[in-house]
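Biologist: Hey, can you walk me through this one? I'm new to reading structures, so plain words please.

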Amino acid sequence: MGIVAGLDSSPDFTRIVVCDADSGAVLKQGYAPHPLESGEGGGRPADVDPQAWLLSLGEAAGGGLLEGVQAIGVSAQQNALVPLDSQGNTVRPAMPGGDKRTQAAAADLIDRLGGREAWAQAVGCVPQAMHPVTKLRWLARNEPEAAQRVALVLQAHDWLVWQLLGRPSRRTTDRGGASGTGYWSAASGSYRPDLVELALGHQAMLPEVLGPGAAAGTTPEGLIISAGTGETMAAAFGLGVRQGDAVVSLGASGSVMAVHHEALADPSGMITSLADATGMHLPVVHTLNAVRAVRGTADMLGLSGIEELSDLAMKSTPGSHGLVMLPYLEGEKTPNLPHTAGTLSGLRRESMKPEHLARAAFEGMLCGLGDAMDVLRGRGVEVRRIFLLGAAAELPAVQAAAPMLFGTQVVVPQPADYAALGAARQAAWALNGQLPQWQGAAAQVLEPGEELPVGQAVRQQFTAVREQTHPGAFNSVGT
């Protein structure tokens, strides 16, 4: 018995859900945007004062939202670096996850350790601009005086947990958050402090990594604060995914994440080996192009948006009358084709109709994600069921094509605050001492059925065009 809360501090806002600890039923909710100034061009700022996260949290929890709550779990944006001095004060503003300034620093780190394979073996991922280890390298190269003052390195959820506990001498994180730093190995379950020194130029303290279900501490008022975790891990926990499940996220870019029993080291860098919040592993493969490919097609056809493009695509048939779109509009990460462009193949007089182009865009997006899934399957990851996330997952064209192209059951969960729910579920675990068996997400279930052979044919058509256009692009990963 009990009442728990989960808060999700995303890049833009804080959401809080208050739940029954036994059933997971949502009792109350809160929301507040982060009080952030816009960055250049009106986008997100490159640097953020972490106090903005606390202000947003306080506003979201207003009106007595947390009255009666016995435990709180924290989910927060991943990869946000919070560098602190020896007194626990911020050396500089936090550096959020998507920071393109650090791309050169990532390349520098790869070279300094001896290549991509060396990093994959060391910590299960190859440095990218988003990783905290890369931000530390950028700091050492661009703000050396600030870098010299860094004594402790936290991420967003670590910092928030520490603040909720009153800034104790003990600083903690969880294995999920630690696995995305670039200096903690999911395979060995241990830090690589030498990589921190390689990046920053000197050693720094790192938070203690807590096990699943552990509590970070208790406030003077008796409120339990669980370990917390990153948004990806919290969302997976909130969805209730288990071994045999994969999660396909449809944003401007895309990702395929699966639950696996062991960490995977991938020298190609296509697989990022993350840990989850339960003791399992979450290998992830990213694509640079997903919804941006269908949005670009809608723009090219002069349509109002991807909803109208979906309606148009439903007038075509599987295979798009031979049209194949390789959706590599921004180059591509999976396969590793950073400097390529998209391709439209199979133009014939009968295929040159708007509805066939619309269908080819959706099929190209999903086949590209199918390629990413095959990278995981090629490493022994079992995928029996796919959770499809993102606003585009609701489109009829996506729901019609996804089961046949992925070749398995597709689950489209109802929209909900899954990261906050996952944080609340973690809080219930810390409160009661056992993994809570909450009911899974309410969802629409789609089966490939008799269209499975048709989907296989469309995938083969896509693969043939990809191999002809970019021969051997996947040779390094054996797909």
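Modeller: Sure, one term to start with: contact means heavy atoms within 4.5 Å. This is a predicted model, so local features need pLDDT of at least 70 and side-chain atom pairs count only at pLDDT 80 or more, while totals for chains, interfaces and linings use all residues. Residues are numbered from 1 along each chain as its sequence is written, and side-chain values use heavy atoms, with hydrogens and water left out.

Biologist: OK, so what is Ile-225 in contact with, leaving aside its neighbours within four places in sequence?

Modeller: Ile-225 is in contact with Ile-72, Val-161, Leu-164, Leu-165, Ala-215, Ala-216, Gly-217 and Thr-219.

Biologist: And where is Ile-225 found?

Modeller: In strand β12, residues 224–226. Helices (H or I, at least four residues) and strands (E, at least two) are DSSP runs, numbered from the N terminus.

Biologist: Is Ile-225 buried or exposed?

Modeller: Ile-225 counts as buried because its relative accessibility is 0%. Buried means under 20% relative accessible area, exposed is over 50%, and partly exposed is in between (1.4 Å probe, protein chains only).

Biologist: How far apart in space are Ile-225 and Ala-214?

Modeller: They're 9.2 Å apart, C-alpha to C-alpha, and 11 residues apart in sequence.

Biologist: New topic: what about Thr-102? Where does it lie?

Modeller: Thr-102 lies in the loop between β5 (81–84) and α2 (103–113). Thr-102 has 0% relative accessibility, so it counts as buried. Not counting residues up to four places away in sequence, Thr-102 touches Met-95, Ala-129, Thr-134, Lys-135 and Trp-138.

Biologist: Which residues of α4 are buried?

Modeller: Pro-132, Val-133, Thr-134, Lys-135, Leu-136, Arg-137, Trp-138, Leu-139 and Ala-140. That's nine of the 11 residues of helix α4 (residues 132–142), so the helix is largely enclosed by the rest of the structure.

Biologist: What covers them?

Modeller: The cover for the buried residues of α4 includes β5, α2, α3 (116–123), α5 (144–149), β6 and α8 (193–200).

Biologist: β5 again! Which way do its residues point?

Modeller: Leu-81 and Pro-83 point one way, Val-82 and Leu-84 the other way, and all are buried. In a regular strand the side chains alternate between the two faces of the sheet.

Biologist: Which strand does β5 pair with?

Modeller: β5 pairs with strand β6 (residues 152–155) in the antiparallel sense, over four bridges. Two strands pair if DSSP finds at least two bridges between them. Pro-83 has Val-153 as its bridge partner in β6.

Biologist: What about β20 and β21: in what sense do they pair?

Modeller: Strand β20 (residues 385–389) and β21 pair in the parallel sense, over three bridges. Ile-386 stands opposite Val-410 in β21. Four of the five residues of strand β21 (residues 409–413) are buried, so this strand is largely enclosed by the rest of the structure.

Biologist: Switching again: how many disulfides are there in the whole structure?

Modeller: Zero, in a search of the whole structure. A disulfide is a pair of cysteine sulfur atoms within 2.5 Å.

Biologist: And Cys-125 and Cys-367, buried or exposed?

Modeller: Cys-125 counts as buried because its relative accessibility is 3%. Cys-367 is buried too, at 1%.

Biologist: Last one: where does Pro-45 lie?

Modeller: In the loop between β3 (26–33) and α1 (51–60). Pro-45 is buried, with a relative accessible area of 17%. Pro-45 and Gln-461 are 416 residues apart in sequence and 43 Å apart in space, C-alpha to C-alpha.
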